Amino acid sequence: MELRTLTDAFGPSGYENPVRALIRKAAEKRCDDVSVDRMGNLICRKPGRDRTKPAVAVAAHMDEIGFIITGYTDDGLLRFRPIGGIDPRVVVSKWLSIGEEGLPGVIGAPPIHLQSAEERGQVLGFNKLYIDIGAKDQKEAEGLAPLGSYAVFDTPYMEFGEGFVAAKALDDRIGCFNLLKLLEEEYDSDLICVFVTQEEVGLRGSQTAAFALEAEIAVVLEGTAANDLGDVEERFHVCTPGEGVCVSFMDRASIADRELFRAMLELAKAQGIPAQVKRGITGGNDAASFQRSGRGMRTVVLSVPCRYIHSANNVAKWSDIRAQADLARAFLKSL
Amino acid sequence: MEIKAFLQEVTTRRGLPGDEGPVAQWVAERFSEYCDEVRVDAMHSVVGRIKGEGPRLAFVAHLDEVGLMVTNIEEDGSLRLGQVGGIDPRILPGMRLKVFGLETLPGIVGAKAPHLLSQEERSKAQTLGDMYVDLGLAPDKVKELVRVGDQVQLEQRFVDLKNGRVASKTLDDRCCVAILYRAMQLLEGLKHQADLYFIASSQEEVGGRGAMTSAFHTEPDMAMVLDVGFAHQPGCDREVTRNLDAPLNTVGPYLNPVLTKKLEDIAKQIKVSLQKEVAPRGTGTDTDEVSASRSGVPSVLIGVPVRNMHTAVEVLDLSALEEAARLVAHFAAAARTAWEEELWN
């Protein structure tokens, strides 16, 4: 499946049905045992050739940050709130797609001409922003986008620069894309590929998925904020797009298994797969719940450096995306 | 060409102030479908003429767009920006811009992520100086393809909303250029006496500079200026905003009251409902320059309301556009030399 198909798909946290249906179809071609648990996680079990080897879970989250409709104005504009961690600064003057059917909407801003200097110096928060779908009044707006309707950024996939891609939801459809690639091959160990729901609203899908898994090791495929350009001092750069997949020793939610962390870096070096150590402890992801659900698992995170991660345009480099799949595959083959 | 198709096409064209050549060329071609003569003047304004015996009546809508300009190229290859016309930098983070370097390059606007900001920084809006453009290119490549002074355009998406409303950048003021084009079509079915000039003016966003020279050159006896106004939306004082679905007419000292009365009468005859707007002093449109050209040009000002003016998601109602075009055509058809006698009595 093309990355473009995955990033274009609709799937904010709690409403992953469209993207899951897409992934399920692709997964069923590569795996005989595909199931969905009661949090909506898609679990694909692929038996290994050697049943004495430990089972490995590899996970990526299907859900994306988005928005939910919370009210209306008399003029027919929609009030909304973010799903997941979205800085209101990145939503002004952007395009949205509401519901599975993709009703178009735009988020405007008051004209600069009618704003005082003081007002222009303030952040336009979610309490001052509205979605315009062209409705003429509250009643029409309510009919078109009932309370609780979900929305996502409407951003066409674009390749640009030297090997870069910009799209919505690269976090974490890149992981889903690579996970589907891993499912194409045979391994000695049992492989359990988990396409997770609700990562962006508190690592919730992975919690129930992990509970029912019989794996001993979990590898999480993620995207991580790079913070490598502009006014960020070099000491705060987290990673560098183009320098390979990131291996984390720790983030805000979990500490990597030391052996797995070292093993990944050594494997990358031995096989010439570009990799870098994530130079910070920012972010948090599903590794936390895999590590601490049920009996617990040894975890490690492989992330693709991603610029502008929770905005309309996530930016990542293809060479890093490939390196994530290469390193995960090499790891599975090395067991 | 249908008016919506015109609008969709014209809003994609390149034409920041001082760089209206590409959009001017395209508009000149469209105008020439209906005009007897069309020229693009030294300031890149387009002047189309449909001949008549008199008086000389000019219609003016501006062609340029607000945008940005490369002011610096950083060592990491990111670009710093300056404004060309009034842009609220708060609309930029996460937007795909178009950089007109030696090649046209897409770039994403970045700024420090919120977790890297102090509590104090987080409460304040980021300024243009806090932002940069990421071209996804190595610094050497950036320096090869981009020069300081290159122009940068806002993201262009033309979106159909409900009820015949559309969202796009640069509806200000190319929707009024579209009104002129549509009025030319309607004039095919009407008789007119006036010598008609249709001016798509340059450099309005930096101060009516194109209209100044075009008005001088065409020497109109009277003028109608068309520009967008403010539609109701949250965060704006409703004293100065209007409904989206009908055209506007501005009154105030810069506008001629007698000519405005004629406009109102024509609107009534053809059943165009006009919403009044009041400009107690300058109108902030080309009217301010046109009305004081040479020995003075009695002027009226009409327009259509838009939401989110000067953003990439300006919104208007196509029905207001069509109504405005009908008014322009009938005003052009009604203009008489005798009007001039009445204007100052």
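## Exercises on strand pairing

In strand β17(A), Val315(A) is the bridge partner of Ala166(A). Keep in mind that this model is predicted. Let's work through two small problems together.

**Exercise 1.** Start from strand β11 of chain A and find out how β11(A) pairs with β17(A), and in which sheet the two strands sit.

*Solution.*
Step 1: Follow residues 164-167 of chain A, which form β11(A); four bridges join this strand to β17(A), and the two run antiparallel.
Step 2: Look for the remaining strand. The open sheet has three strands in the order β10-β11-β17 (chain A), paired antiparallel.
Step 3: Find the edges. β10 (158-160) and β17 (314-317) of chain A are the edge strands, since each pairs on one side only.
Step 4: Check the twist: on average, neighbouring strands of this sheet are turned by 25° against each other, direction ignored.
Step 5: Add the helix. Helix α9 (residues 318-334) of chain A lies across β11 and β17 of chain A, at about 70° to β17(A).

**Exercise 2.** Now move to chain B and describe the surroundings of strand β4, residues 67-73.

*Solution.*
Step 1: Ask how covered the strand is. Five of the seven residues of β4(B) are buried, so the strand is mostly covered, where buried means 20 or more other C-beta atoms within 10 Å.
Step 2: Find one partner. β4(B) pairs with β5 (residues 79-84) of chain B over six antiparallel bridges, and Ile73(B) has Leu79(B) as its bridge partner.
Step 3: Inspect the hairpin. Five residues lie between β4(B) and β5(B), and Gly77(B) takes a positive phi near 90°.
Step 4: Find another partner. Two bridges join β4(B) to β9 (residues 151-153) of chain B, again antiparallel, with Met69(B) bridged to Gln151(B).

Methods. Residues are numbered from 1 along each chain as its sequence is written. Chains are lettered from A and ligands numbered from 1 in the order in which they are written. This is a predicted model: local features need pLDDT of at least 70, side-chain atom pairs count only at pLDDT 80 or more; totals for chains, interfaces and linings use all residues. A residue is buried if 20 or more other C-beta atoms lie within 10 Å of its own, exposed if 12 or fewer, and partly exposed in between; C-beta atoms are placed from the backbone. Two strands pair if DSSP finds at least two bridges between them. Axes are lines fitted to C-alpha atoms, for helices over the stretch in contact, and angles run from 0 to 180 degrees between N-to-C directions. Two residues are in contact if their C-beta atoms, placed from the backbone, lie within 7 Å.
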